[in-house]
Amino acid sequence: MIEFNSSAVDIAHALIGAELFVDGVGGMIVETEAYERDDPASHSFRGATPRNKTMFGPAGHVYVYRSYGIHWCLNIVCRSGSAVLIRALAPSQGVDFMQARRGDVAPRFLCAGPGRLAQALGITVQHDGLPLAQPPFQLVPAKTRPSVAIGPRIGITKAVDHPWRFGLAGSKFLSKPFPTVL
């Protein structure tokens with residue numbers, strides 16, 4: 001089992017290859033990003049607010065927020081003020097439900113990106129603050145340590161050089177490819 005009261009960077013790495021399901025719909029986590037308490041790109045950087053209060057709650061709970069007023073995003077709270085954004089899944093169960101929620105898109109694009117992923121899994125603000133260890137959630141740790149790509153986070157303007165984005169090496173389900181290391 002994963003101990004969430006720890007560094008978001010360590011947890012983001014450890015979640016690659018785990019399986020995540022919401023009401024039986026989901027698949028393998030193939031991409032994550034870490035956000036620490038002292039990270040200027042984190043919602044918690046300036047302290048607790050009504051929007052981010054879940055980030056300061058118990059570790060192992062879900063933090064859901066709306067990005068750009070459009071897309072819900074799913075995060076897992078780690079130690080106080082830190083969380084892991086779940087960026088992409090390789091869908092494996094409930095693909096028909098995902099396609100009903102997202103439209104007739106190729107499986108590769110069902111959960112490739114945090115907004116797509118949340119929509120495919122049916123994540124809304126109603127999930128904010130719920131414990132990950134209880135229904136409707138199920139998290140199954142990876143049985144083996146997969147090969148993990150590491151790179152800078154994407155879609156942010158602060159602390160862009162932190163190598164806190166993790167992905168399953170070679171996965172076709174990533175939101176964006178990782179930079180090639182020469």
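Student: How much space lies in the largest pocket of this model?
Tutor: About 800 Å³. Keep in mind that the model is predicted.

Student: Which residues lie nearest the centre of that pocket?
Tutor: H43, Y65, S67, G155 and I156. They belong to a lining of 32 residues.

Student: What makes a residue part of the lining?
Tutor: An atom within 4 Å of a pocket point. By that test, β2 (25-35), β3 (62-67), β4 (71-77), β5 and α4 (114-121) each supply at least two residues.

Student: How does the lining divide by residue type?
Tutor: Into 14 nonpolar, 11 polar and seven charged residues. Glycine counts as polar here, so G155 in the lining is classed as polar.

Student: Now the interior. Which residues have the most contacts inside the largest nonpolar core?
Tutor: L15, I29, L74, L121 and L139. The core has 44 residues. Strand β5 (residues 83-93) gives the most to it, with five residues.

Student: What is L15 in contact with, leaving aside neighbours within four places in sequence?
Tutor: I2, F4, I29, T32, I76, V84, I86 and L139. Each has heavy atoms within 4.5 Å of L15.

Student: Which residues does the second, separate core include?
Tutor: Y35, Y63, Y65 and V77 are among its nine residues. Y65 also lies among the residues nearest the centre of the largest pocket.

Student: Why would such cores be expected in general?
Tutor: In soluble globular proteins, nonpolar side chains tend to be buried together.

Student: How do you know that C73 is in no disulfide?
Tutor: Compare distances. The nearest cysteine sulfur, that of C111, is 13 Å away. A disulfide needs sulfur atoms within 2.5 Å, so the pair fails the test. C111 is likewise in no disulfide, with the sulfur of C73 as its nearest at 13 Å. The structure holds zero disulfides.

Student: Why is C73 called buried?
Tutor: Its relative accessibility is 3%. The cut-off is under 20%, so C73 counts as buried. C111 is buried too, at 0%.

Student: What makes the peptide bond from P135 to P136 cis?
Tutor: Its omega is near 20°. P136 is found in the loop between α4 and β6 (137-140). Most peptide bonds are trans.

Student: Where is A133, and is A133 buried or exposed?
Tutor: A133 is also found in the loop between α4 and β6. Its relative accessible area is 67%. Exposed means over 50%, so A133 is exposed.

Student: What separates the C-alpha atoms of A133 and H61?
Tutor: A distance of 8.0 Å. Along the chain, A133 and H61 are 72 residues apart.

Student: What is notable about phi of D23?
Tutor: Phi is near 50°, a positive value in a residue other than glycine. Most residues other than glycine have a negative phi. D23 sits in the loop between β1 (19-22) and β2.

Student: Which other residue has a positive phi although it is not a glycine?
Tutor: A159, at about 50°. A159 lies in the loop between β7 (148-151) and β8 (165-168).

Student: Why is D23 called exposed, and why is A159 called buried?
Tutor: D23 has a relative accessible area of 60%. That is over 50%, so D23 is exposed. A159 has 17%. That is under 20%, so A159 is buried.

Technical notes
Residues are numbered from 1 along each chain as its sequence is written. This is a predicted model: local features need pLDDT of at least 70, side-chain atom pairs count only at pLDDT 80 or more; totals for chains, interfaces and linings use all residues. Side-chain values use heavy atoms; hydrogens and water are left out. A nonpolar core is a set of buried Ala, Val, Leu, Ile, Met, Phe, Trp, Tyr and Cys residues joined through side-chain atoms within 4.5 Å. Buried means under 20% relative accessible area, exposed over 50%, partly exposed in between (1.4 Å probe, protein chains only). Helices (H or I, at least four residues) and strands (E, at least two) are DSSP runs, numbered from the N terminus. On a 1 Å grid over the protein atoms alone, a cavity is a set of points where a 1.4 Å probe fits but cannot get out, and a pocket is an open set with protein on both sides within 12 Å along at least five of seven lines; lining residues have an atom within 4 Å of a point. Grid points are joined across faces, edges and corners, and a volume is the space filled by probe spheres set on the points.
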